[in-house]
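Work through the following exercises with the sequence and the model side by side. Each task is followed by a solution that goes step by step.

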Amino acid sequence: MKTRITELLGIEHPILQGGMHFVGLAELASAVSNAGGLGIVTGLTQRTPEALAGEIRRCRDMTDKPFGVNLTFLPTVSSPDYPGYIRAIIEGGVKVVETAGNNPQKWMPALHEAGIKVIHKCTSVRHALKAQAIGCDAVSVDGFECGGHPGEDDVPNFILLPRAAEELDIPFVASGGMADGRSLVAALALGADGMNMGTRFMATREAPIHENVKQAIVAATELDTRLVMRPLRNTERVLRNAAVDRLLEKERALGADLKFEHIIDEVAGVYPKIMQEGTMDAGAWSCGMVAGLIHDIPTVQALIDRIMAEADDIIRRRLAGFVNA
Ligand SMILES: Cc1cc2nc3c(=O)[nH]c(=O)nc-3n(C[C@H](O)[C@H](O)[C@H](O)COP(=O)(O)O)c2cc1C
């Protein structure tokens, strides 16, 4: 399948794996790239630029296909060493960067000078247009369904994607709620050039996370996610668990008085406990509504092959059948 995204990134299939904290390590990123998609190493999971440089080397040892690095610009006061991370990406010879969070404008000249393609992930048409205006090569349009941070506008992909298609000139991928060949064909029909998946890639054999996390995703339905931190305007979609119930109770009780300090136990530093140790109630962790469509834990290669075969079948048989009658 050839789209503007496969052409731009030099990949075989229009399928990207979004950056995921403590999930997007070299094992998963290389597996996605080896299967013909674009794997993405999550920059900030590596505690220092040196550690990221090492992870990029590790990924390169596991694949000779293109892969990317996610750099999330956090709204925090004490900022990570972004210049150092950018240097590690450039010196590591990475050719694609997925940015997310705050505006990446400041880093665009350095990235483009190094021949790096920048895909900015955004949750609204206005942010996508801004990304286009500052020179991003593509955007990932993340709908309200998505795992992680859906923003504050709550526009689902059935509206957001065609709106993005109406406004944007640069290529974009659909993100949030994508799981299978049906998702891919729907995304293309709505105007996208491919799809980005997060939660679906967690439930794969190569995802370097605890088995308990994978089983929790398979067991979950589309009704099992919750939005947390809305009162802080830092909304995150997470899988419901005891810690999330506790957090939501605090949000209810404190109302407009809620501060980050009140919920620190439920959200800060919980990822290693969940992803590595499998302590599922340790805190709130990102998960998309798409969990309701995830019923197995295949290899990444089997998953991507299945998606492409299903997409092909839908286009050639189901859809063509409607117009050839
Ligand atoms: C466990 C988890 C961690 C994530 N961490 C990040 C992150 O650090 N940076 C980022 O830009 N997006 C992050 N995301 C969002 C994904 O890259 C992607 O946009 C999202 O999962 C797409 O929605 P889906 O889960 O419905 O496929 C995370 C998602 C999950 C599920």
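**Exercise 1.** Which helices and strands each supply at least two residues of the shell around the ligand?

*Solution.* Keep in mind from the start that this is a predicted model. Begin with the strands, where β3 (67–73) and β8 (195–197) each supply at least two residues of the shell. Then turn to the helices, where α9 (199–202) and α13 (271–276) each do so as well. By class, the shell around the ligand consists of 8 nonpolar, 14 polar and 2 charged residues.

**Exercise 2.** Find which of the 24 residues around the ligand come nearest, and then look for polar atoms beside its oxygen atoms.

*Solution.* The residues that come nearest are Gly19, Lys121, Gly177, Gly198 and Thr199. For Thr199, an N or O atom of the side chain lies 2.6 Å from an oxygen atom of the ligand. In the case of Gly177, a polar backbone atom is 2.8 Å from a ligand oxygen atom, while for Asn70 a polar side-chain atom is 3.0 Å from an oxygen atom of the ligand. Taken alone, the ligand exposes 610 Å², of which the protein buries 93%.

**Exercise 3.** Describe how helix α2 and helix α3 pack.

*Solution.* Locate α2 at residues 26–34 and α3 at residues 49–62, whose axes are 9 Å apart and meet at an angle of about 35 degrees. Next, establish the handedness: α2 passes α3 in a right-handed crossing. The contact is made on the α2 side by Ala26, Glu27, Ala29, Ser30 and Asn34, and on the α3 side by Glu55, Arg58, Cys59 and Met62. Sorted by class, this contact of α2 with α3 has 4 nonpolar, 2 polar and 3 charged residues.

Notes:
Residues numbered from 1 in each chain as written. Predicted model: local features only at pLDDT ≥ 70, side-chain atom pairs only at ≥ 80, totals over all residues. Heavy atoms only, no water. Axes fitted to C-alpha atoms, helices over the stretch in contact; angles between N-to-C directions. Helix = DSSP H or I, 4+ residues; strand = E, 2+ residues; numbered from the N terminus. Left-handed = near helix turned anticlockwise from the far one by under 90°. Contact = heavy atoms within 4.5 Å. Nonpolar A, V, L, I, M, F, W, Y, C, P; charged D, E, K, R; others polar. Near = heavy atom within 4 Å. Polar contact = N/O pair within 3.5 Å; in protein donor to acceptor, adjacent residues only side chain to side chain. Areas by Shrake-Rupley, 256 points an atom, 1.4 Å probe, with all protein chains shown as cover.
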